[in-house]
Amino acid sequence: MPAKKKTTAKTDTAKKTVAKKAPVKKTTKKVSKKPMKTPELVRGMKDILPDQGYRWAQFFDHASKTAQAYGFRYVSTPILEPANLFQRSLGKGTDIIDKEMYVFEDKDGSKLALRPESTASIARSYINHGLHTLPQPVKMWHFGPKFRHERPQAGRYRQFHQFDCDTLGVHAPVVDAELIALAYHIVHDLGVEATVRINSIGSLEDRQNYLVEFVGYLRSKRAYLSEESKKRINKNPLRILDSKDEADQEVIAEAPQIIDWLSKDSKDYFMKVLEFLDELEIPYELDPTLVRGLDYYSDTVFEIYVTGEEGEARLALGGGGRYNGLVEELGGQPTPAAGFGLGIERIMLALDRAQEKGEDIALATKPTYQFYLAQLGEKAQKRALHIVEQLRKADIPVAFHLAKSSLKAQLELANKAGASHAVILGQKEVQDGTVIIRDMDSGIQEIVDQKKVVKHLTKLLAKLQK
Ligand code: AMP
């Protein structure tokens with residue numbers, strides 16, 4: 001009986017469904033064939049594609065390992081921050097705040113910004129989480145996208161990526177030197193000949209004394225300055241030192257130099273930083289016009305360039321400096337700090353340029369594989385994935401294309417991948433629990449027990465790498 005009931009219920013539901021269905025109307029309306037326009041990349045943004053991706057991934061591996069070796073620990077802060085975090089930190093009269101920051105209103109009306117840099121975020125995070133209670137200094141590395149609405153050109157994007165390191169809680173020349181050495185080695189180890197440009201802008205007090213003199217000088221030369229620099233005399237005079245305008249350059253060449261206005265303490269501090277750089281044999285040039293133009297900087301400021309590049313071609317690979325007043329400015333306890341940011345797109349560009357010149361570059365654009373795993377038939381395909389896993393766990397790089405069914409095609413791919421040996425798995429091998437290891441050059445083949453394949457390839461790899 002219950003079975004009958006069930007059948008009735010089912011039939012009822014089916015009937016209902018059929019009854020509900022609307023009659024299918026025939027339409028004579030033609031479907032428009034006009035293709036939909038594919039959305040475009042936003043101006044100033046860049047996709048990182050597989051041909052560059054391998055280099056990017058290797059860069060992170062190298063840079064993060066180097067930072068960790070220097071005692072830095074990974075942290076991450078959000079891309080979105082309150083807009084006033086940057087306004088208070090970087091200061092008005094800077095291009096970033098006045099022109100370049102992406103600011104928008106959130107649903108609750110609050111003003112948010114896409115971070116244009118990360119020093120302010122690190123200082124905020126240090127205060128918010130009471131990191132001053134940890135043993136000092138707190139050394140942190142981080143990376144990620146930054147956003148500035150700049151005019152896009154080679155090496156300049158509206159979304160770009162930086163690899164940053166910051167040391168908070170200690171004021172000592174050796175800390176500045178340590179940061180500079182770290183930034184320099186990250187770049188230099190890749191095969192890019194780099195030079196550090198360095199200056200000191202002293203303490204806040206030194207800078208105020210200098211500004212009185214400097215602004216007086218600028219006013220006396222006002223007529224010779226570019227329109228942009230004229231506007232900056234009152235807003236942010238130090239930024240005039242960054243100007244590339246030829247007329248400004250002449251005025252700057254004769255201007256009083258900040259280094260002559262440093263107190264004895266600031267000068268001694270700077271000299272010690274330079275002594276450490278000498279000791280470490282890090283190539284540097286003193287640049288009296290380098291000021292980095294943001295409010296939060298104090299004492300040591302530096303940038304890293306490709307050695308020998310001048311004029312238009314010259315691109316900074318990174319920059320940084322001390323920011324002793326920032327944590328306090330944002331409401332924290334007085335906390336000396338210093339840091340740097342390396343521009344990853346710029347480093348990639350420097351690598352491309354060096355490669356074009358035939359120089360020896362550390363980061364390859366694609367991985368190399370010693371071994372290629374080829375399979376034939378469904379059972380072998382299944383077995384192959386197990387072998388891929390075993391080899392991965394043993395850190396043996398192997399290339400494969402498991403969706404390919406022809407052995408000939410797979411061996412061609414093995415050749416293209418530059419593999420010296422193919423690991424072949426056919427129906428027979430699956431049955432026997434073996435694999436064939438084929439020397440791609442000589443064609444000599446060896447049969448190896450599947451259980452011993454990891455051991456066998458580990459030995460072979462060691463022999464090949466000798
Ligand atoms: P900054 O602190 O502004 O000097 O930036 C540090 C580094 O980030 C620079 O030396 C560049 O390598 C990189 N960088 C800054 N702005 C951009 C940009 N718009 N596009 C690409 N890289 C940038």
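Leaving aside neighbours within four places in sequence, Ala172 is in contact (heavy atoms within 4.5 Å) with Tyr269 and Arg322. The model is predicted, so local features need pLDDT of at least 70 and side-chain atom pairs count only at pLDDT 80 or more, while totals for chains, interfaces and linings use all residues. Residues are numbered from 1 along each chain as its sequence is written, and side-chain values use heavy atoms, with hydrogens and water left out. A search of the whole structure finds 24 salt bridges; a salt bridge is a side-chain nitrogen of Lys or Arg within 4 Å of a carboxyl oxygen of Asp or Glu.

**Buried residues and contacts across the sequence**

- Ala172 lies in the loop between β6 (159-168) and α6 (173-188); helices (H or I, at least four residues) and strands (E, at least two) are DSSP runs, numbered from the N terminus.
- Ala172 counts as buried, at 18% relative accessibility; buried means under 20% relative accessible area, exposed over 50%, and partly exposed in between (1.4 Å probe, protein chains only).
- Although Ala172 and Val273 are 101 residues apart in sequence, their C-alpha atoms are 8.6 Å apart in space.
- Leu274 has its place in helix α10 (residues 264-280) and counts as buried, with 6% relative accessibility.
- From Leu274 to Val174 there are 100 residues in sequence and 9.6 Å in space, C-alpha to C-alpha.
- Apart from neighbours within four places in sequence, Leu274 is in contact with Ile198, Tyr284 and Leu286.

**Salt bridges**

- Side chains of opposite charge can pair when their charged atoms come close.
- In helix α10, Asp268 forms a salt bridge with Lys264, and the closest N and O atoms are 2.7 Å apart.
- Asp268 and Lys264 are separated by about one helical turn because they are 4 residues apart in helix α10.
- Asp268 is partly exposed, with a relative accessible area of 32%, whereas Lys264 counts as exposed at 62% relative accessibility.
- Glu227 and Lys230 also meet through their side chains in a salt bridge, at 3.0 Å from N to O.
- Both Glu227 and Lys230 lie in helix α8 (residues 227-235), 3 residues apart, about one turn of the helix.
- The two ends of this pair differ in exposure: Glu227 is exposed, with a relative accessible area of 55%, and Lys230 is buried, with a relative accessible area of 18%.
- Another salt bridge joins the side chains of Glu303 and Arg292 (2.7 Å, N to O).
- This pair links distant parts of the chain, with Glu303 in strand β9 (residues 298-306) and Arg292 in the loop between β8 (284-286) and β9, 11 residues apart.
- Glu303 is buried, with a relative accessible area of 13%.
- A network of salt bridges links Asp95, Lys99, Glu228, Arg232, Arg239 and Asp242.

**Charged surface patches**

- Patches are made of residues with over 30% relative accessible area and no salt bridge, where like charges are joined within 9 Å and nonpolar side chains (Val, Leu, Ile, Met, Phe, Trp, Tyr) within 5 Å.
- Accessible areas come from the Shrake-Rupley method with a 1.4 Å probe, and for residues only the protein chains shown count as cover.
- Lys and Arg count as positive and Asp and Glu as negative, while His and the chain ends are not counted; the place of a charge is taken as NZ of Lys, CZ of Arg, CG of Asp or CD of Glu.
- Asp245, Glu246, Glu250 and Glu254 form a negative surface patch.
- Within that patch, Glu254 has its place in helix α9 (residues 246-254) and is exposed, with a relative accessible area of 62%.
- Lys451, Lys452, Lys455 and Lys459 form a positive surface patch.
- Lys459 is found in helix α16 (residues 453-464) and is exposed, with a relative accessible area of 63%.

**Backbone features in loops**

- The peptide bond from Gln136 to Pro137 is cis, with omega near 0 degrees, and Pro137 is found in the loop between α5 (119-128) and β5 (138-147).
- Arg292 has phi near 65 degrees, a positive value in a residue other than glycine.
- Phi of Asp395 is likewise near 65 degrees, a positive value in a residue other than glycine.
- Asp395 has its place in the loop between α13 (378-393) and β13 (398-400) and is exposed, with a relative accessible area of 67%.
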